[in-house]
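Let's take a walk through a protein model and see what its cysteines, charged pairs and pocket are up to. Have a look at the structure first, then read on.

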Amino acid sequence: MKLYNLKDHHETVSFAQAVRQGLGQQQGLFFPTELPQITSTEIDSLLKQDFVTRSAAILSAYIGDEIAKEIVLQRVKKAFQFPAPVVNIEDNIATLELFHGPTLAFKDFGGRFMAQMLATVAENEPITILTATSGDTGAAVAHAFYSMKNIRVVILYPKGKISPLQEKLFCTLGDNIHTVAIESDFDACQSLVKQAFDDVELRQQLGLNSANSINISRLLAQICYYFEAVAQLDERQRNKLVISVPSGNFGDLTAGLLAKSLGLPVKRFIAATNANDTVPRYLHSGHWHPHATIATLSNAMDVSQPNNWPRIEEIFRRKGWNLSELTSLAINDDITKETIKALSALGYLSEPHGAIAYRALRDNLQKDEFGLFLGTAHPAKFKESVESVLNMSLELPEPLARRANLPLLSHVMSNDFTILRKFLVNLPV
């Protein structure tokens, strides 16, 4: 598999290099040189396979012969050890539940597959994973890499802007997991990560790598659960499928579009955002004009400058698709609360991110279409907000209950790269 840098098409790397490196020169994202396509007959055959077997085949279609298919299958078996069930909500709407992994969020799929791939290609060289999180990435990455030999993990997150239980999941581990609460917002955390990758000396000294959706291995892993969703639908539902994706950094939507590019039958996508509405405004006006990030109930989507947007534009360019085919709607906190209540009245418990995706879908779905929205996190990860909206008490699932009362091990740091750099250099090996 060959990939090129979206900011410098002359820089091309192998899949192994892209996994190890994370970002290219000028903080450029890597993108596949070839976009494989599978025939409708092959798609039908894939959809009859079990989740792990099908996922290994999909990933091998991208990776090619760089990593043997048998090894990819072994790695997928270790990474995808939990289901992704489709649950019906209404006659024409269902949800894909992606929160049945160890950290109760969709990021478990990408984080665990990346850990397996990095272990495959790292060749025992010491690596420092540096990533930013707006909530769920941190836990998924921390648990995926916890206690792995020769790998240190440093996770930056905006202080006071993620839910307390999200924080507990990844800031109580210790060992090779180092967590830093930055006194700013998520975009500042992303900027610090990018500055670190721009520092050639630091990157080489620490063997820096990023584990958010910047990294191509995480993105490719996310393609797999779109196929798993369609595999659970009947033929009538598949024919006019609309998928609504709660969108912050836009990695999940990028993966969905790559699934469609591969041949998965999806009529169209809806990118559902919160008040951080850079993309909906851009698609409406044609002007890219990020505002300051706003804190919302759906904090994992509090991103005003989504990192993966260049990949989305590249997919549309390469495929000859028109961006006008992408629907994007912004849902504010008041409507989010209303929607959590509406879903509860339908007998389904949701958290803010899933509620936003459902609302955007419900408000945009045509009579002859079938809608699927992504449920990206367990409601208990947003216990305080869900309990407040529904005036109820939520029981903590075991992965959260186990960590809820443990002390936080995080460092608190101002938004200053000089301070972060010194911290990174002095990390214990």
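## Two cysteines that stay apart

The sulfur of cysteine 189 has its closest cysteine sulfur in cysteine 171, 11 Å away, which is too far for a bond. To count as a disulfide, two cysteine sulfur atoms must be within 2.5 Å. A search of the whole structure turns up zero disulfides. Both cysteines are buried, a word that here means under 20% relative accessible area (exposed is over 50%, partly exposed is in between; 1.4 Å probe, protein chains only). Cysteine 189 has 0% relative accessibility, and cysteine 171 has 1%.

A quick word on the ground rules: this is a predicted model, where local features need pLDDT of at least 70, side-chain atom pairs count only at pLDDT 80 or more, and totals for chains, interfaces and linings use all residues. Residues are numbered from 1 along each chain as its sequence is written, and side-chain values use heavy atoms, with hydrogens and water left out.

## Charged pairs

A salt bridge is a side-chain nitrogen of Lys or Arg within 4 Å of a carboxyl oxygen of Asp or Glu. By that rule there are 13 salt bridges. Here are three of them:

| Pair | Closest N to O distance |
|---|---|
| Arginine 54 and glutamate 228 | 2.8 Å |
| Arginine 421 and aspartate 199 | 2.6 Å |
| Aspartate 277 and arginine 281 | 2.9 Å |

Arginine 421 sits in helix α19 (residues 417-425) and aspartate 199 in the loop between α8 and α9 (200-206), so this pair ties together parts that are 222 residues apart in sequence. Helices are DSSP runs (H or I, at least four residues), as are strands (E, at least two), numbered from the N terminus. Arginine 421 is partly exposed at 22%, while aspartate 199 is buried at 17%. As for arginine 54 and glutamate 228, both are buried.

## Helix α14

Which residues are buried in helix α14 (residues 309-319)? They are Trp309, Arg311, Ile312, Glu314, Ile315 and Phe316. Just after α14, glycine 320 takes a positive phi of about 75°.

## The largest pocket

Helix α14 turns up again here: α8 (186-198) and α14 each supply at least two residues of the lining of the largest pocket. A pocket is an open set of points on a 1 Å grid over the protein atoms alone, where a 1.4 Å probe fits, with protein on both sides within 12 Å along at least five of seven lines; lining residues have an atom within 4 Å of a point. The largest share of the lining, four residues, comes from α8.
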